[in-house]
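Please examine the sequence and the structure shown below. The paragraphs that follow lead from single residues to paired strands and then to a pocket.

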Amino acid sequence: MEKKILRYTINHLSALVLVAFLLQVNPCRAQQQYGNTMPQGNAVTKKQKDKKALGPNDMKYPKMGGFSLGVDIAGLGGGLFGGNAIGGEVCADYSFYNRFFPTVEVGYEKSDKWNDNQSIHYQAAAPYGRIGVDYNLFYKKKHGHQLRIGARYGFSSFKYDIDANGLDEDGNPVNPEIKDPIWEEELIYNHHDMQARMQWLEFGISVRGKLTKHLYMGWGLRFKYELSTKKDTFGNPWYVPGYGRYKSNVIGISYVISYKF
């Protein structure tokens, strides 16, 4: 009888020990199994989402896309084709994700203009600068072409001349109708090295075509708005370097050839 009781007790204790061991081992194996599979499922899902967001004709560009240096030759065309102003500029930008392009532009422009009846002569020549940023609407495209929209802050400090050197039909000098406020006599109007400063804002849209791995070319339109101007007391400038005709707003063009390093 005692042997039966002892055998029964040993059997039950063995069963309890086995159950306890299985309860300890199986959860660890289950946790290890599901712990290894869950991250893989998340990684696959994220990869699929990225691939779906890009599309077959898209690609993901690096954060630091590189430095580009170019020249804007639109200003040269004005003088070569009979215009009243000629100039050129150098532009530099840096690509972030092929999406954002902080830009610096520096140029020099000269104007030389007679009025309609050849009685007044305007001249000005000076450097100018712009800073701003462009946004590429084609930032994901594999083809590498760019459609940019952007904004600029522009500024120029310059000197200008106004001379009334024209002659009428009888050969007499023609001057603007300016009279001395006291003696009421006509005054000779020749003023040189007059000082002026101007600040303006630009909004633009441009196209850059990718010709080779490093070479780009394209044109654009710029809509310019005067912010502030400090003029000489003897007359307004006819032309502002980097801005154009002296008005509250003007439209300009650009034609840029650039090299990406």
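In this predicted model, the side chain of Thr103 reaches the backbone oxygen of Phe101, at a distance of 2.9 Å. Thr103 belongs to strand E3, which covers residues 100-114. Is Thr103 buried or exposed? Its relative accessibility is 5%, and Thr103 therefore counts as buried, since buried means under 20%. The surroundings of Thr103 can also be listed. Apart from neighbours within four places in sequence, Thr103 is in contact with Ala92, Asp93, Arg130, Ile131, Gly132, Val133, Asp134 and Arg152.

Several of these contacts lead to the strands beside E3. Strand E4 comprises residues 121-136, and E3 and E4 are joined by 15 bridges and run antiparallel. One particular pair may be located in the structure: Val106 has Gly129 in E4 as its bridge partner. On its way onward, the reader may turn to strand E5, residues 146-163, which is joined to E4 by 13 bridges, again in an antiparallel arrangement. Here Asn136 has Arg148 in E5 as its bridge partner. In a regular strand, side chains alternate between the two faces of the sheet.

A second residue to consider is Asp72, which is found in strand E1 (residues 64-72). With a relative accessibility of 7%, Asp72 counts as buried, because the limit for this class is under 20%. Which residue does the side chain of Asp72 reach through a backbone nitrogen? The backbone nitrogen belongs to Tyr255, and the distance is 3.0 Å. Asp72 and Tyr255 are 183 residues apart in sequence, yet their C-alpha atoms are 5.3 Å apart in space. When residues up to four places away in sequence are not counted, Asp72 touches Gly88, Glu89, Ser254, Tyr255 and Val256.

The final topic is the largest pocket, whose volume is about 410 Å³. Its lining consists of 24 residues, and those nearest the centre are Gly75, Glu109, Lys224, Tyr239 and Ile253. Among the elements that give two or more residues to this lining are helix H2 (74-80), strand E2 (85-96), E3 and E4. Strand E12 (249-260) is also among these elements, and E12 supplies the largest share of the lining, five residues. How do the lining residues of the largest pocket divide into nonpolar, polar and charged? Nine are nonpolar, eight are polar and seven are charged.

Notes: Residues are numbered from 1 along each chain as its sequence is written. This is a predicted model: local features need pLDDT of at least 70, side-chain atom pairs count only at pLDDT 80 or more; totals for chains, interfaces and linings use all residues. Side-chain values use heavy atoms; hydrogens and water are left out. Helices (H or I, at least four residues) and strands (E, at least two) are DSSP runs, numbered from the N terminus. Buried means under 20% relative accessible area, exposed over 50%, partly exposed in between (1.4 Å probe, protein chains only). A polar contact is a pair of N or O atoms within 3.5 Å; within protein, one must be able to donate a hydrogen and the other to accept it, and residues adjacent in sequence count only if both atoms are side-chain atoms. Contact means heavy atoms within 4.5 Å. On a 1 Å grid over the protein atoms alone, a cavity is a set of points where a 1.4 Å probe fits but cannot get out, and a pocket is an open set with protein on both sides within 12 Å along at least five of seven lines; lining residues have an atom within 4 Å of a point. Grid points are joined across faces, edges and corners, and a volume is the space filled by probe spheres set on the points. Ala, Val, Leu, Ile, Met, Phe, Trp, Tyr, Cys and Pro count as nonpolar, Asp, Glu, Lys and Arg as charged, and the others, Gly among them, as polar. Two strands pair if DSSP finds at least two bridges between them.
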